[in-house]
Amino acid sequence: MTNSQPQLRIDIVSDVVCPWCIIGFKQLEQALADSGLEADIHWQPFQLNPQMGPEGQELREHVIEKYGVSVEESVSTRERIVDIAKPLGFDINFTDDSRIYNTFNAHKLLHWAEQKGVQHQLKLALFSAYFTDGVNVSDTEKLLNVVESVGLDKDEAMQIIKSEPVSDEVNKIAQFWTSQGISGVPAMIFNQKHLVTGAQGTENYTSILKQITSLEQADQE
């Protein structure tokens, strides 16, 4: 397959505090490169913890409470996540002080950034801020700093955070995806037709891409 293939649209339903979302994307990114394909990526909102307060919660405590795992299982899962992400070129730095946060304002800014043409850059910057640098992605000033790092205006971003119409629109989009049966992330929708859930691994994504491009070609014939 070469770049003469038509560009794929890929919607990725995800949260910026979901480690499997960045892992899944990095695996997909490698598969796209290996397949010689280009993709038009659209990040779609999903909140893992919509009721989380602005102070967040200690990550280990949260995982144990939410998923009913032991301390040992929590530690083992973190180590596995770090080990999977590293060869993909992404550093995840869990510490004893790591916390999970509410991400609604981040999703509002991502919605706005899509209109500005830099949604993908902002999404990756938010992943790096949270997982690599340990940034509180519910803190307004820190969010504004990430926004500025991708060339967006901080004052305009502040108005987006305050905007009730933007809140309503992001909620509407998120509810659409959950109404389609998506209850966990990452969920990737290829050309608005083919749903793939979970971080599949680079080889599996390569196979999936081959199947989808073959189906798309057959439909055009």
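A polar contact is a pair of N or O atoms within 3.5 Å. The model shown in these views is predicted.

**View 1. A side chain meets the backbone at the start of helix α2.** Helix α2 covers residues 59-67. At its start, a side-chain oxygen of Glu 58 comes to within 3.1 Å of the backbone nitrogen of Arg 60. Gly 68 follows α2. The phi of Gly 68 is positive, near 70°.

**View 2. Strand β1 is mostly covered.** Strand β1 spans residues 8-14. Six of its seven residues are buried. Two strands that pair with β1 appear in the next views: β2 and β5.

**View 3. Strands β1 and β2 run parallel.** Seven bridges link β1 to strand β2, residues 39-45, in the parallel sense. Leu 8 has Ala 39 in β2 as its bridge partner. Helix α1, residues 19-35, joins the picture here. Together, β1, α1 and β2 make a β-α-β unit, and this unit is right-handed.

**View 4. Strands β1 and β5 run antiparallel.** Here β1 pairs with β5 over four bridges, in the antiparallel sense. Ile 10 has its bridge partner in β5: Phe 190.

**View 5. Strands β5 and β6 form a hairpin.** Strand β5 holds residues 187-190, and strand β6 holds residues 194-197. The two run antiparallel and are joined by four bridges. Ala 187 stands opposite Thr 197 in β6. Three residues lie between the strands of this hairpin. In the turn, Asn 191 has a positive phi of about 50°.

Note on methods. Residues numbered from 1 in each chain as written. Predicted model: local features only at pLDDT ≥ 70, side-chain atom pairs only at ≥ 80, totals over all residues. Heavy atoms only, no water. Pairing = 2+ DSSP bridges. Buried < 20%, exposed > 50% of the residue type's maximum accessible area, 1.4 Å probe, protein only. Right-handed = clockwise from strand over helix to strand, strands pointing away. Polar contact = N/O pair within 3.5 Å; in protein donor to acceptor, adjacent residues only side chain to side chain.
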